[in-house]
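Got your viewer open? Load the model, colour it by secondary structure, and follow along stop by stop.

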Amino acid sequence: MANNTKSEPDVFPGMATGAAMLGIMAFVVLCVGAVWWFYPSVHHVRVAPPDTFPAPRLEIAPVEDYATYFARQKALLAGGGDRTSIEDAMSAIIRTGTLDPEAAP
């Protein structure tokens, strides 16, 4: 019995892939060089560091601030600030199917 195995042909275009990669790199270098040449202002960009950094803005009383925020939101849900309370809104939707008074049946 003869060994008639054949190897797979080399179908990967290695030279073309390498040439394409070199072409892309050359294009990127050309673009960066063009920006450097046509925009001389990028040569002298200097940003001065600040003399002093501001202090971090920390919460003084986070628990009390959250309690105040929570109470304000609860009051709005209860109908404060010319708003309809949640209970009234839900009962109006159950009764009419909408909150829009002009669309009510």
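How many aromatic pairs does a search of the whole structure find? Keep in mind that this is a predicted model. The search turns up two aromatic pairs. Let's go and see one of them.

**Stop 1: the tyrosines**

Select Tyr66 and Tyr69 and show their side chains. The ring centres sit 6.3 Å apart and the planes meet at 40 degrees, so this pair is tilted. Why those two numbers? A pair of aromatic rings is described by the distance of the centres and the angle of the planes. For the angle, planes under 30 degrees apart would count as stacked and planes over 60 as edge-to-face, so 40 degrees lands in the tilted group.

Now show the backbone too. Both tyrosines belong to helix α2, which covers residues 62-77, and because they are three residues apart, about one helical turn separates Tyr66 from Tyr69. Here is the general idea: an α-helix has 3.6 residues a turn, so residues three or four places apart point the same way.

Are these two buried or exposed? Tyr66 has 53% relative accessibility, so it counts as exposed. Tyr69 comes out at 42%, which makes it partly exposed. The cut-off for exposed is over 50%, so the two land in separate classes.

Add Phe70 to your selection. Ring pairs join Tyr66, Tyr69 and Phe70 into a cluster.

**Stop 2: the helix around them**

Select the whole of α2. This helix has 16 residues and reaches 22 Å from its first C-alpha to its last, close to the 22 Å expected at 1.5 Å a residue. Then click on Gly79, which follows α2 and has a positive phi, near 110 degrees.

**Stop 3: a nonpolar patch**

Next, turn on the surface and select Val35, Trp36, Trp37, Phe38, Tyr39, Val42, Val45 and Val47. Together they make a nonpolar surface patch of about 970 Å². Two of its members are worth a click:

- Val35 is in helix α1, residues 14-38. With 44% relative accessibility, Val35 counts as partly exposed.
- Phe38 lies in α1 as well. Phe38 counts as exposed, at 61% relative accessibility.

**Stop 4: two distances to try**

Keep Phe38 and add Glu87. These residues are 49 apart along the chain, and their C-alpha atoms are separated by 67 Å.

Then go to Lys6, in the segment before α1. At 81% relative accessibility, Lys6 counts as exposed. Draw a line from its C-alpha to that of Ile24, 18 residues along the chain: the separation is 36 Å.

**Stop 5: zoom all the way out**

Clear your selection and look at the whole chain. What elements does the chain have? There are three helices and zero strands, running α-α-α from the N terminus on. The radius of gyration is 36 Å, well over the 13 Å that the globule rule gives for 105 residues, so the chain is more spread out than a compact globule. Along its principal axes, the C-alpha trace spans about 85 × 70 × 35 Å.

Finish with the surface on. Of the chain's 105 residues, 3% count as buried. The chain exposes about 10,300 Å², and carbon and sulfur atoms supply 66% of that area.

Definitions and conventions: Residues numbered from 1 in each chain as written. Predicted model: local features only at pLDDT ≥ 70, side-chain atom pairs only at ≥ 80, totals over all residues. Heavy atoms only, no water. Patch = residues over 30% accessible without salt bridge, like charges linked within 9 Å, V, L, I, M, F, W, Y side chains within 5 Å. Areas by Shrake-Rupley, 256 points an atom, 1.4 Å probe, with all protein chains shown as cover. Salt bridge = Lys/Arg side-chain N within 4 Å of Asp/Glu carboxyl O. Helix = DSSP H or I, 4+ residues; strand = E, 2+ residues; numbered from the N terminus. Buried < 20%, exposed > 50% of the residue type's maximum accessible area, 1.4 Å probe, protein only. Phe/Tyr/Trp six-rings, centres within 6.5 Å; stacked < 30°, edge-to-face > 60°. Rg over C-alpha atoms; globule rule 2.2 N^0.38 Å. Expected span 1.5 Å × (residues − 1).
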